[in-house]
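Student: Please take one part of this model and describe it closely. I should like each technical term to be explained when it appears.

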Amino acid sequence: MQELIELKDVTIGYDGKGILGPLDLSLGRGGFSGILGPNGGGKSTLLKTMLGLLPPVSGTVERKPGIVFGYVPQNENFDPIFPVSVEEVVSMGRCAMVPAGKGLSKTDRDIVRRSMEKAGVGHLGKRAFRSLSGGEKQRTLLARAVSGEPDALVLDEPTASIDVKGRLK
């Protein structure tokens with residue numbers, strides 16, 4: 001199995017203060033892993049450190065060069081004044097693929113549409129993100145992550161706010 005991420009003697013935390021570790025961990029292509037622990041135990045901090053969103057307090061995090069991650073955070077807060085639609089949120093997942101100053105191509109828009117359909121929010125495209133239920137927001141964020149055609153998906157509380165029927169899909 002090819003390693004996508006490897007943590008070597010990593011301690012995670014904030015402002016130089018460790019909350020968990022040291023950890024040695026490797027995740028490979030084709031695998032499926034879960035992180036379990038109590039609220040406040042450092043699960044989200046670990047994911048953010050693995051993705052490079054937070055620096056480790058100590059140790060090293062190695063990521064395969066060129067790897068693309070799709071990340072669904074535990075919660076996403078868009079300013080409610082900002083009138084962004086579901087389709088626009090999902091389109092944000094394509095931003096890394098679009099050259100500066102260019103808009104989405106037909107192919108990009110097709111990928112966005114397919115991602116929305118897969119996540120069950122295809123019918124909500126024109127709705128304001130701020131008007132959605134918690135589960136609809138979570139599905140929209142999943143569609144955003146998938147639209148970037150990632151090598152790996154990182155899901156922090158992926159079923160938060162999603163009803164039982166939606167969790168079974």
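Tutor: A residue is called buried when its relative accessible area is under 20%, exposed when that area is over 50%, and partly exposed in between (1.4 Å probe, protein chains only). The model is a predicted one, in which local features need pLDDT of at least 70 and side-chain atom pairs count only at pLDDT 80 or more, while totals for chains, interfaces and linings use all residues. Residues are numbered from 1 along each chain as its sequence is written, and side-chain values use heavy atoms, with hydrogens and water left out.

A brief example shows how the first term is applied. T140 belongs to helix α4, which covers residues 134–147 (helices, H or I of at least four residues, and strands, E of at least two, are DSSP runs numbered from the N terminus). T140 has a relative accessibility of 0%, and therefore it counts as buried. Its contacts (heavy atoms within 4.5 Å), apart from neighbours within four places in sequence, are V86, V89, V90, V121, F129 and L132.

The part to be studied closely is α1 with the sheet beside it. That sheet is open and has three strands, in the order β2-β1-β3, with antiparallel pairing (two strands pair if DSSP finds at least two bridges between them). β2 and β3 (58–63) each have a single partner strand and stand at the edges, so one side of each has no neighbour in the sheet. From one strand to the next, the twist averages 15 degrees (axes are lines fitted to C-alpha atoms, for helices over the stretch in contact, and angles run from 0 to 180 degrees between N-to-C directions).

Consider next how β1 is joined to its partners. β1 and β2 are antiparallel and share eight bridges, and they form a hairpin with two residues between them. In the turn of that hairpin, D15 has a positive phi of about 50 degrees. β1 also pairs with β3, again in the antiparallel sense, over five bridges. I5 illustrates both pairings: its bridge partner in β2 is L27, and its bridge partner in β3 is R63.

How does α1 lie with respect to these strands? The helix lies across β1, β2 and β3 and runs at about 125 degrees to β1. α1 is mostly covered, for eight of its nine residues are buried. The buried residues are K43, S44, T45, L46, L47, T49, M50 and L51. These buried residues pack against β1, β2 and β3, and also against β4 (69–72) and β5. Just after the helix, G52 takes a positive phi of about 85 degrees.

One residue of the sheet gives a closer view of this region. Y14 is found in strand β1. Its relative accessibility is 39%, so Y14 counts as partly exposed. Neighbours within four places in sequence being left aside, Y14 is in contact with T45, L54 and V57; T45 is itself one of the buried residues of α1. Y14 and P56 are 42 residues apart in sequence, yet their C-alpha atoms are 8.4 Å apart in space.

To draw the part together, the three strands stand in the order β2-β1-β3, and α1 lies across them. The buried residues of this helix pack against the three strands and against β4 and β5 as well.
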